[in-house]
Amino acid sequence: MKILRSILAGALLTGLLTATATADSTISHGIAMHGDLKYPAEFTHFDYVNPDAPKGGRVIQSAQGTYDNFNPFIIKGTPADGVGLIYDSLLGRAQDEPFSLYGLLAEKLEVADDRSWITFHLRPDAKFSDGEAVNADDVIYSFKLLREKGSPFYRAYYADITNIEAVNDKTVKFTFKNGDNRELALIVGEVAILPKHYWEERDFQKPTPDIPIGSGPYVIGDVQLGRSVTYQRNPDYWGKDLPVNRGRYNFDSQVFDYYRDGTVALEAFKAGEYDFRQENSSKRWATGYTGAAFDSGKVIARALEHENPTGMQAFVMNTRKTHFADPKVRQALAYAFDFEWTNKNIFYAAYTRTHSFFSNSEMAATELPSDAELEILEPIRDKVPAEVFTKVYRAPTTDGNGKIRTQLRKAKRLLQQAGWTFKNGKLISNETGKQFSFEILLVSPAFERVVAPMKRNLELMGIKTNIRLVDVSQYINRIRAFDFDVIVSSFGQSSSPGNEQRDYWHSQMADLSGSRNIIGIKNPAVDHLVEQIIQAPTREQLVLRARALDRVLQWNHYVIPQYHINKYRIAYWDKFEMPDLRPRYALGFDTWWVKQDVSESKGN
C-alpha cells in the first residue's frame, strides 16, 4: 500500500492523475461535499471566468460606518471591508457547484473514505507577501490561534478536530473525532492561513491598525484609518496562474471608501465618487437610481436573479430576557409586524415574505413532513411543539390594508395565556405588575421607517416600545455582549449547511460572548438536529435534516420573520466588462475587469 500511494502521489504531481482511490483513502485535486467534482484534475480554469481577462484599473466601492483594524478573526474592534483579499486558504471554492473545493495553497489532498482524517500537501511555491514560504507549521499555528484566541465561531465550527500534525514541512494532517462530520474535511480547507512568523510576535486579540501579512492576491496599500482603505494587486502573487484563480482578481487596485449614511453613499455614487454598489434598500432601488447618467447609459442598474438560499432575516428576540422567554409571547409579538402593508407602502412590493430559516432553497419546510423526515423527528417528539408534526408554519399574514384587529385579538389571547393582562390600555404582567416594554436596537437609519409602523401596532397591544439608533461600533459591541432586547438580524445559509449551525443555534454557544447564537437558544431538540445535519451522510439526508431543524426553529417562534429577495440589485459605472457566464451561486464580481479603453478616473 505504501508503494502504491507513492506511485499515485508522484503521478498526480506530474498532472497525469485524476482522483485515485486507495484501500481506505482517496488522493485528489479537490473534494465535494456530496457526489462528484465537476472539474477534472487537468482543468485550467472555472467555466464562469474569462481566463484571458486583462489586468488593470482602479475600482472604488463604498462601505458603511467606519473601521479601526485589519483583523477580522476576533470579536474586538471593527475590521476593514475587503480584508479577506489578502488571504489564501488551503482550498478554493467553485461557485457553480453546491459545495466543491479545489487546490489553492494545497496542490493535492488525501482524505479517508470515512472522512475521519484529511491530509493536505502544500504547493512548494506557496508563499506569503513578504516572501516567506507557507509551511505546515503556518497551517497548524493558524488553527491553534483561531480556536484559542479568535472569535467563538471558530471553536464551534472546528470543535470536532482532535489533532493537527505536520507530516513534513509541506504536509499537514487533520484528524477528526469521527467520520460523521462529513463537512469538516471541506471546511478546514476554507480557513485563511496566517503567517506564524508575523503573528507569534503580536497580540492577536488586540485590534490594531498594523498592516498584516497574507498570501492572497492583494496586499494592503494606502490606509486612511476609518475613512478609506486600498488593496493593491500583488504583482508577485505566487498563485495568479492556478486553475482556481485564472480570470479572477483582475483589478490592479480595489478601494473601499467609507460613508456614514446609505443615502449619502448613493448620492456620492451618482456623482461618480465610486464605481460599483450593491443596493439593499427597496426604496432607494425604486426611486434613487435615476438621472442623466442612467439615461445616457453611463451608469447601469441591474437586478440579477440568483439561486442562493436567502436564509432568515428577522426581528430577533433575546430569549435571555424574561419578557421573551415564553414562546407564546414571541408568537404574539409576530402579529404586530404587518408585512403585506409594509411591502406595499414602503418596499414598493419588492420583497417576498420569509417563512423559513432556509428560504429560497430545497431545505425549506414548506409542506407537512414526509415519512423519511418523520423518522428524523420521531426521537425528539416529546421535546418539540406538537405543530411540528401537524402543521406547516406560516408567519402571520394580513390583507395589507393596515387594519389588523383580527391579528391583535389573536395576539391578545396568546399574551393572556402567558400571564399578561390588559389594564387601561397597557399590557401588565400578572407577576410583577409592570408594563411590557422593550427596546428595538438599530444600526441603520433606513430601518426606522420599517419599525415605526410595527411600534404603533405594539402600542395598540399595550406594549411600550423604544427605538434606539446607535453607531456601528456600539452596535457590534452590544450584540457581542447580548446587550439588547430586539434587533434586526439575519442568519445566512449556504446550499450546503453544516458546522456553522452550531454557532447559530447550539446550547453551548448561547452564553459565549461573540457567538452567533444571538437568540440565546438552549434547546436539546435543536442541539440534536444540528448534530444530525453535521453528520448527514448524503445530500438527501442533509435536505431532510435541514427541513426538520427548520420546523423546530419555526414553531418555537424564536424570531419574527421579515422578507427576502432572490436578486442581486447592482449598479455600476460603464467601465466594466464581465464573462458571458455568471456563477450559479455568486455574483462573480471578482471575475469582472476594467475596459481597456476606459480611463481609471473615478466614475469614468
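**View 1: the largest cavity.** Which residues line the largest cavity? In this predicted model, Lys55, Pro217, Arg233, Asn234, Tyr237, Lys240, Asn245, Arg248 and Tyr249 do the job. A cavity here is a set of points on a 1 Å grid over the protein atoms alone where a 1.4 Å probe fits but cannot get out, and lining residues have an atom within 4 Å of a point. The largest cavity has a volume of about 80 Å³, taken as the space filled by probe spheres set on points joined across faces, edges and corners. Sorted by class, the lining comes to three nonpolar, two polar and four charged residues. For that sorting, Ala, Val, Leu, Ile, Met, Phe, Trp, Tyr, Cys and Pro are nonpolar, Asp, Glu, Lys and Arg are charged, and the others, Gly among them, are polar.

A word on the ground rules. Residues are numbered from 1 along each chain as its sequence is written, and side-chain values use heavy atoms, with hydrogens and water left out. Since the model is predicted, local features need pLDDT of at least 70 and side-chain atom pairs pLDDT 80 or more, while totals for chains, interfaces and linings use all residues.

**View 2: the second largest cavity and a histidine with positive phi.** Searching the whole structure turns up two cavities of 30 Å³ or more, and the second largest has a volume of about 40 Å³. Its lining is made of Met312, His355, Phe357, Tyr393, Leu553, Gln554, His557, Tyr558, Val559 and Pro561. At least two lining residues come from each of helix 18 (539–555) and strand 23 (559–561). Helices (H or I, at least four residues) and strands (E, at least two) are DSSP runs, numbered from the N terminus. How many charged residues does this lining have? There are no charged ones, with seven nonpolar and three polar residues making up the set. Look for histidine 557 in the loop between helix 18 and strand 23: its phi is positive, about 55 degrees, although it is not a glycine. Most residues other than glycine have a negative phi. Histidine 557 counts as buried because its relative accessibility is 8%; the cut-offs are under 20% for buried, over 50% for exposed and partly exposed in between (1.4 Å probe, protein chains only).

**View 3: threonine 319 in its loop.** Threonine 319 sits in the loop between strand 16 (312–317) and helix 9 (327–333). Is it buried or exposed? Threonine 319 counts as buried because its relative accessibility is 16%. Its side chain reaches the backbone oxygen of isoleucine 519 at 2.6 Å. Neighbours within four places in sequence aside, threonine 319 is in contact (heavy atoms within 4.5 Å) with Phe324, Ala325, Arg330, Ile519, Gly520, Ile521 and Tyr558.

**View 4: helix 2 and what it packs on.** Helix 2 runs over residues 136–149, and its 14 residues reach 20 Å from the first C-alpha to the last, close to the 20 Å expected (1.5 Å times one less than the number of residues). Its buried residues are Ala136, Asp138, Val139, Tyr141, Ser142, Phe143, Leu145 and Leu146. Those buried residues pack against strand 8 (117–122), helix 3 (152–157), strand 9 (161–168), strand 10 (171–176) and helix 5 (196–199).

**View 5: two loops that meet strand 8.** Glycine 131 belongs to the loop between strand 8 and helix 2 and is partly exposed, with a relative accessible area of 46%. Its C-alpha lies 9.4 Å from that of tryptophan 238, 107 residues apart along the chain. Arginine 115, in the loop between strand 7 (106–112) and strand 8, has a positive phi of about 60 degrees although it is not a glycine. Arginine 115 is buried, at 9% relative accessibility.

**View 6: glutamine 254 in strand 13.** Glutamine 254 is part of strand 13 (residues 253–259) and is buried at 8% relative accessible area. Its side chain makes a polar contact of 3.3 Å with that of tyrosine 218. A polar contact is a pair of N or O atoms within 3.5 Å; within protein, one must be able to donate a hydrogen and the other to accept it, and residues adjacent in sequence count only if both atoms are side-chain atoms. Leaving out residues up to four places away in sequence, glutamine 254 touches Val59, Gln61, Leu85, Tyr218, Val229, Thr230 and Tyr231.

**View 7: aspartate 96 and proline 583.** Aspartate 96 is placed in the loop between strand 5 (91–93) and strand 6 (100–103), buried with a relative accessible area of 14%. How far apart are aspartate 96 and proline 583 in space, C-alpha to C-alpha? The gap is 5.1 Å, though 487 residues separate them in sequence. The side chains of aspartate 96 and lysine 38 share a polar contact of 2.7 Å. Beyond its neighbours within four places in sequence, aspartate 96 contacts Lys38, Tyr39, Asp47, Tyr48, Arg584 and Tyr585.

Key. On a 1 Å grid over the protein atoms alone, a cavity is a set of points where a 1.4 Å probe fits but cannot get out, and a pocket is an open set with protein on both sides within 12 Å along at least five of seven lines; lining residues have an atom within 4 Å of a point.
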